[in-house]
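Trainee: I'd like to learn how to read helix packing, cores and odd backbone spots in a model. Can we walk through one together?

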Amino acid sequence: MRPLTVVIACHTPERPVGRAVASILEGNGESAEVLVVAHNRPAEEIRGALRPEHRQATRIIEHRDAFRSASGPFNAGMRAATTPFVGIMGSDDTLAPGAVASWLAVQERTGAEFVITRLALGRAGRGVPTPAVRMHRGGLVDLARDRLAYRSAPLGLMSRAMLERTGAALVEGATVGGDVGMVTELMATVPTAYDRYGPPYVIGEDAGDRVTYVVRPMTEQLGFFPDLLQAPWAARLSRTARAAIGTKLLRIHVFGAVFYRQDEEIWTAEERESLAAITADVLDRAPGCERPLSRADRRLLDACLDPAVPAAELMAAARDRRRHGRPATLLPRELTRALHREAPLRFMAASLAVQQLPRLRRG
């Protein structure tokens with residue numbers, strides 16, 4: 001038996017699921033078996049989308065629920081796996097050859113129960129610069145010191161025994177962020193390693209209907225925050241770890257949600273009140289998370305917290321924080337925080353280093 005099962009959730013045969021399966025069976029077949037979960041579709045319909053030579057080698061099960069979210073089929077697939085380790089993968093994505101073997105090697109060396117894979121966008125050579133881990137080799141990584149919170153999906157290798165022990169699972173029915181709580185919990189509470197140099201998990205760019213990109217009401221877009229911030233495991237974290245999570249929630253999710261709402265009509269009084277309440281809750285539950293943010297970020301944060309700020313000013317602040325290279329985007333409001341690991345200067349340097357590490361090692 002191979003040591004790892006890769007679970008692929010697929011809700012339509014129009015997705016490039018055949019390509020995803022081929023990347024496992026042809027490039028990682030010695031280390032992994034594949035389990036496709038047909039989501040609200042007949043198994044044979046999905047099987048027909050696979051390449052003929054891969055149909056008999058692929059296990060397919062059906063999962064039916066009332067949601068479009070992939071969380072349900074992923075959870076079903078992980079429960080159905082019988083191998084010691086499991087991983088999940090989108091039907092639009094692929095694994096570079098040798099990726100699974102690399103995860104297993106990292107796991108054997110470190111004893112990690114969760115091995116985070118390196119990511120690439122569209123092709124293996126376009127590395128994703130998160131998480132911006134420290135420049136050290138081998139060993140386990142730390143949620144705060146290695147900026148792990150910026151990884152928003154549990155991609156890589158997970159111990160099935162650990163999942164059963166902890167009960168960690170994706171939030172079923174969540175249209176946005178159903179994976180954030182699970183991955184953050186794992187990185188914060190179980191031995192975790194990062195496969196810095198291994199072949200990457202490649203995120204596909206050819207899907208036209210990813211639910212992540214749909215503009216939704218703020219309470220839905222950021223509706224996963226309470227489950228994360230109020231979870232018992234989160235309450236047990238150190239102040240430093242909670243602040244690291246809060247900084248990421250502001251920087252990526254809150255500010256990103258504002259940036260992609262560049263239409264004043266979207267910003268009703270109800271939406272502004274929701275944005276202010278959600279943002280204030282992050283600050284309350286992750287004290288100090290705002291301190292390393294750039295001056296441009298803090299200007300946007302102030303606007304998020306105050307519904308009286310005109311929508312045009314709110315949207316302009318979201319655009320301005322992306323005009324990189326200016327002092328306002330490089331320096332925090334509190335200059336004593338300029339060299340904090342989450343402040344722009346160190347964060348950007350670490351991100352660049354992570355992006356370049358694999359090619360530097362080859363050189």
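Mentor: Sure, starting with handedness: α12 passes α13 in a left-handed crossing, left-handed being when the near helix is turned anticlockwise from the far one by less than a right angle, and right-handed when clockwise. Helices here are DSSP runs (H or I, at least four residues), strands are E runs of at least two, and both are numbered from the N terminus.

Mentor: Some ground rules: this is a predicted model, where local features need pLDDT of at least 70, side-chain atom pairs count only at pLDDT 80 or more, and totals for chains, interfaces and linings use all residues. Residues are numbered from 1 along each chain as its sequence is written, and side-chain values use heavy atoms, with hydrogens and water left out.

Trainee: At what angle do the axes of α12 and α13 cross?

Mentor: Two packed helices are described by the angle between their axes and the distance between the axes. Here, α12 (residues 295-305) and α13 (residues 311-320) have axes that come within 9 Å and cross at roughly 155°. That makes α12 roughly antiparallel to α13 (over 145 degrees; under 35 is roughly parallel, 65 to 115 roughly perpendicular, the rest oblique). Axes are lines fitted to C-alpha atoms, for helices over the stretch in contact, with angles from 0 to 180 degrees between N-to-C directions.

Trainee: Which residues of α12 meet α13?

Mentor: Arg299, Leu300, Ala303 and Cys304 do, against Glu313, Leu314, Ala316, Ala317, Ala318 and Asp320 in α13; contact means heavy atoms within 4.5 Å.

Trainee: And how do α10 and α12 cross?

Mentor: Their axes come within 11 Å and cross at roughly 65°. Leu250, Arg251, Val254, Phe255 and Val258 of α10 touch Asp297, Leu300, Leu301 and Cys304 of α12.

Trainee: Which residues touch the most other members of the largest nonpolar core?

Mentor: A nonpolar core is a set of buried Ala, Val, Leu, Ile, Met, Phe, Trp, Tyr and Cys residues joined through side-chain atoms within 4.5 Å. Of the 100 residues in the largest one, it's Ile8, Val36, Met78, Leu95, Met158 and Phe225. Helix α10 (residues 239-259) gives the largest share of this core, eight residues. Phe225 touches Leu249, His253, Val254, Ile278 and Val282, not counting residues up to four places away in sequence.

Trainee: Is Arg147 buried or exposed?

Mentor: Arg147 counts as buried, at 3% relative accessibility; buried means under 20% relative accessible area, exposed over 50%, partly exposed in between (1.4 Å probe, protein chains only). Its phi is near 55°, a positive value in a residue other than glycine. Asn40 has a phi near 60°, but Asn40 is partly exposed at 29%.
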